[in-house]
Amino acid sequence: MRFSKSKKLYSRAARAMAGGVSSPVRAFKAVGGDPLFIRRGSGQWIWDADGNRLLDYVCSWGALILGHANPCVVAEAVKAVKSGSSFGAPNVPELMLAEKICERIRSIEKVRFVNSGTEATMSALRLSRAYTKRRKIIKFEGCYHGHADAFLAGAGSGLATLGIPASRGVLQSTTNDTVTVPYNDARSLESAFKSNGGEVAAVIIEPVVGNMGVVPPNRGFLNEVHGLCKENGALLIFDEVITGFRVGVGGAQKLYGIKPDITCLGKIIGGGFPVGAYGARKEIMGLVSPEGPVYQAGTLSGNPVAMAAGLAVLSRLNAATYRKLERVSAMLEQGLTDAAGSAGVQVRVNRVGSMLSMFFTGNGVTNFSEAKAADQSSFRRFFWGMINCGVYLPPSGLESWFVSSAHSEDDVRKTIEAAADAFKGL
Ligand SMILES: *Cc1c(COP(=O)(O)O)cnc(C)c1O
């Protein structure tokens with residue numbers, strides 16, 4: 001395949017845009033080479049600037065559960081935009097999406113819309129601090145909660161240490177209040193609670209991690225996290241920006257039978273438009289302005305086009321959609337595992353529903369250090385092998401692949417054939 005047009009566009013972009021991209025992972029730094037410029041998408045397919053057609057497993061980082069340019073979603077969005085794209089005032093699609101979310105996500109009685117997942121988690125944190133009148137938060141190593149300062153903390157040297165800033169420009173005084181512990185390790189969480197006493201406002205977690213590659217919670221882990229929060233008077237924040245409406249109609253909280261105090265949503269609920277949301281029971285949401293003293297606002301929040309698109313998506317998700325996603329994704333998992341086996345390549349495929357990733361390692365991957373220990377140079381070569389066979393994977397071994405309802409069993413067969421080739425070329 002030729003990528004000369006993308007290459008030219010990227011060198012132009014590098015002059016006009018910071019790092020040539022609007023979000024770092026898009027620059028392909030983890031796989032080397034130049035990113036593709038995407039011109040068009042339809043269903044499970046994308047076309048790049050050079051006219052190459054690729055089978056897409058990024059799907060806008062999970063936002064597009066129905067695939068690209070789903071006709072119903074497009075029709076609703078076009079109808080909305082023709083009626084005026086923003087009012088900065090209450091509108092009906094926003095109300096309908098709010099009602100739908102409250103109906104489907106069991107822990108949410110009231111919701112507030114924002115414009116990104118980052119805004120959702122940042123606002124949930126503020127709300128948890130206001131509610132508990134405490135300052136610290138506990139997060140898990142390798143979980144990503146957007147780019148707000150408080151979440152950009154790396155783990156210190158010991159377990160359950162205070163965070164160190166993971167980005168220049170983030171103050172030590174900010175991450176001093178962020179405690180980071182390993183995922184799937186309830187004992188570390190327990191000791192973090194012990195050493196931070198009654199200061200912890202909230203524990204925030206990806207109930208299924210998508211941001212170190214896919215890492216599912218060990219059996220009972222989320223229950224232990226929930227129990228420790230209760231014992232210690234801290235709120236439990238589920239960051240379901242990926243898992244909300246991805247792993248099932250009721251999100252990860254339904255799948256694992258846990259009722260978090262606050263839930264953050266994004267990605268799927270915007271149908272490919274910029275959206276986020278956070279929600280909780282009435283008592284907690286009552287603290288949010290204008291009802292309560294926690295200020296949080298947004299000029300474009302509840303944007304009618306995004307709301308209409310999100311509503312169109314949620315209206316089309318039902319038990320049959322998730323059965324199909326499960327069938328196709330399970331087939332992909334099995335096919336990748338078998339193809340690697342035949343080629344004598346050691347891999348681990350982690351999967352929950354239609355989120356999946358493949359680690360080049362012979363060991364299980366249950367936390368961030370195990371994820372990082374997988375062989376990234378093999379992933380890099382595999383990634384380019386797949387692109388050359390017309391399959392577009394996330395450009396990092398530490399990201400989730402996403403299957404959409406547009407992906408068919410036939411697409412999966414082609415993917416597995418491509419993978420068999422790519423494994424041989426490693
Ligand atoms: C994508 C993501 C975010 C951030 O959402 P943005 O819309 O990119 O700001 C937060 N949490 C999780 C789990 C995510 O995957």
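By class, the shell around the ligand holds 3 nonpolar, 6 polar and 3 charged residues, where Ala, Val, Leu, Ile, Met, Phe, Trp, Tyr, Cys and Pro count as nonpolar, Asp, Glu, Lys and Arg as charged, and the others, Gly among them, as polar. The model is predicted, with local features needing pLDDT of at least 70 and side-chain atom pairs counting only at pLDDT 80 or more, while totals for chains, interfaces and linings use all residues. Residues are numbered from 1 along each chain as its sequence is written, and side-chain values use heavy atoms, with hydrogens and water left out.

Surrounding the ligand (a heavy atom within 4 Å of it) are Ser116, Gly117, Thr118, Tyr144, His145, Gly146, Glu206, Asn211, Asp239, Val241, Ile242 and Lys267. The table gives polar contacts, that is, pairs of N or O atoms within 3.5 Å.

| Residue atom | Ligand atom | Distance |
|---|---|---|
| Tyrosine 144, backbone N or O | nitrogen | 3.3 Å |
| Aspartate 239, polar side-chain atom | nitrogen | 2.7 Å |
| Lysine 267, polar side-chain atom | oxygen | 2.6 Å |

Taken alone, the ligand exposes 380 Å², of which the protein buries 83%, with accessible areas from the Shrake-Rupley method and a 1.4 Å probe.

The second largest pocket (on a 1 Å grid over the protein atoms alone, an open set of points where a 1.4 Å probe fits, with protein on both sides within 12 Å along at least five of seven lines; lining residues have an atom within 4 Å of a point) contains about 260 Å³ of space. The elements giving two or more residues to its lining are α3 (92-104) and β4 (110-114), these being DSSP runs of at least four residues for helices (H or I) and at least two for strands (E). That lining comprises 5 nonpolar, 5 polar and 2 charged residues.

How values were computed:
Grid points are joined across faces, edges and corners, and a volume is the space filled by probe spheres set on the points. A polar contact is a pair of N or O atoms within 3.5 Å; within protein, one must be able to donate a hydrogen and the other to accept it, and residues adjacent in sequence count only if both atoms are side-chain atoms.
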